[in-house]
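Please open the structure in the viewer and keep the sequence panel visible beside it. The tour below proceeds from one selection to the next.

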Amino acid sequence: MKLFLSVDMEGISGIVDPTYINPDTGMNYGRGRVFMTEDANAVIEAALEMGATEIVVADSHNTMNNILWESLHPKAKLLAGSPRDYSMMQGLDESFDAAFFIGYHTRQGVPGVLSHTMSGVVRNMYINGQVVGEFGFNAAYAGLYGVPVCLVSGDNLIAEEARALIPEISTAIVKTAVSRTSAICLSREQATAELKHQTKHALSRLADIKPLTFSQPLELAIEFSHAGQAEMAANVPGTRYETETGIVRYNPVDQHDLYKTMRAMINLAHNAVFF
Ligand SMILES: [Zn+2]
């Protein structure tokens, strides 16, 4: 059994605000890296007990150099560093039996610890009209390979966001959001136990979890924070900028096109000057 772990940072146990996740300025960043590695290890240990034979861990936050390689479980392989064509999902293909999204967070504009969608330029992102955050987008990408997402970990609100798209998903809730930068956190011991318990639960009912699928043709739509960003994103060939809604639309031909075009649109949008 081959498993893919995409590990973000905002939803990791004990992490509540940017001081834990910003590699340049975060006074708690060093601790955040330890917590992130410990969460990944809890899932890996439980997955190995359930018969996993190969585990790839994709560090999926910021520059993607956060997990402490020297402390990661010796049976797992670590994908670190950036840029990557497929960002948080680099390395996934149809050979995997399941994907786990660890340390994930809610989408831009809704409550939840450190909520956002990919970057500050995105107000809303849609696939075929369905609003998606990072969870939904990455789950849709996995779905195009036929790979189900069987576990999400993070706060109570990302658990809800995930269940709305994949009702059968297992959820390891390691904190309860109080505000966007505050949460009531389980202890290290309890969070580890919950991650292990939910990993085992997820893998015991893997056959019941369907990949997230959308009908073809796919439509990716991104609503940007301001018009200058939308104008920059609309430089991607094949996109259509709807000026009345501020949405840039695109019809990707496959999963490669979906992920790379999303990244290209957002990266271009970053070049727009606001003031
Ligand atoms: Zn992140």
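In which loop is the place of Pro217? Select Pro217 to find out: its place is in the loop between α4 (188-204) and β10 (220-224). Please keep in mind throughout that this is a predicted model.

**The two cis peptide bonds**

Remain at Pro217 and display the backbone. The peptide bond that joins Gln216 to Pro217 is cis, with omega at about 0°. Next, select Ser82 and Pro83, which are also joined by a cis peptide bond; here omega is about 5°. Pro83 is located in the loop between β3 and β4 (98-102).

**The whole chain**

Now zoom out and colour the chain by secondary structure. Six helices and 12 strands should appear. The C-alpha trace spans about 50 × 40 × 30 Å along its principal axes. The radius of gyration of the chain is 18 Å, which agrees with the value near 19 Å that a compact globule of 275 residues would have.

Switch to a surface display. The chain exposes about 11300 Å², and carbon and sulfur atoms supply 51% of this area. Of the 275 residues, 56% are buried. Among contacts with a separation of 6 or more, 68% are between residues 24 or more positions apart.

**The zinc site**

Select the zinc ion and show the side chains around it. Which residues coordinate the zinc ion? The coordinating residues are Asp8 (OD), Glu10 (OE, listed for two donors) and His61 (ND1), at 2.1 to 2.5 Å. The four donor atoms make angles of 55 to 137°, and the site is irregular. Because a tetrahedral site requires all angles to lie between 85 and 135 degrees, this range does not fit that description.

Follow the donors along the sequence panel: their spacing is D-x1-E-x50-H. Glu10 belongs to the loop between β1 (2-7) and α1 (29-49), and His61 to the loop between β2 (54-59) and β3 (76-79), so this pair ties together parts that are 51 residues apart in sequence.

Are Glu10 and His61 buried or exposed? Glu10 has a relative accessible area of 4% and is therefore buried. His61, at 5% relative accessibility, also counts as buried.

**Two asparagines with positive phi**

Move from His61 to Asn62, which lies in the loop between β2 and β3. Its phi is near 55°, a positive value in a residue other than glycine. Asn62 has a relative accessible area of 46%, so it is classed as partly exposed.

Then select Asn128, in the loop between β5 (122-127) and β6 (130-132). Asn128 is not a glycine, yet it has a positive phi of about 50°. With a relative accessible area of 29%, Asn128 is partly exposed.

**Ser170 and its surroundings**

For the last stop, select Ser170, which is found in strand β8 (residues 170-179). Ser170 is buried, as its relative accessible area is 2%.

With which side chain does the side chain of Ser170 make a polar contact? The partner is the side chain of His201, at 3.0 Å. To complete the view, display the residues in contact with Ser170, leaving aside its neighbours within four places in sequence. These are Cys150, Leu151 and Val152, together with Gln198, His201, Ala202 and Arg205.

Notes. Residues are numbered from 1 along each chain as its sequence is written. This is a predicted model: local features need pLDDT of at least 70, side-chain atom pairs count only at pLDDT 80 or more; totals for chains, interfaces and linings use all residues. Side-chain values use heavy atoms; hydrogens and water are left out. Donors are N, O and S atoms within 2.8 Å of the metal (3.2 Å for Na, K and Ca); water is not among the atoms, so sites may look incomplete. Four donors count as tetrahedral if all angles lie between 85 and 135 degrees; four count as square planar and six as octahedral if opposite donors are over 155 degrees apart and all others between 65 and 115; anything else is irregular. Helices (H or I, at least four residues) and strands (E, at least two) are DSSP runs, numbered from the N terminus. Buried means under 20% relative accessible area, exposed over 50%, partly exposed in between (1.4 Å probe, protein chains only). The radius of gyration is taken over C-alpha atoms; the globule rule is 2.2 Å times the number of residues to the power 0.38. Contact means heavy atoms within 4.5 Å. Accessible areas come from the Shrake-Rupley method with a 1.4 Å probe; for residues, only the protein chains shown count as cover. A polar contact is a pair of N or O atoms within 3.5 Å; within protein, one must be able to donate a hydrogen and the other to accept it, and residues adjacent in sequence count only if both atoms are side-chain atoms.
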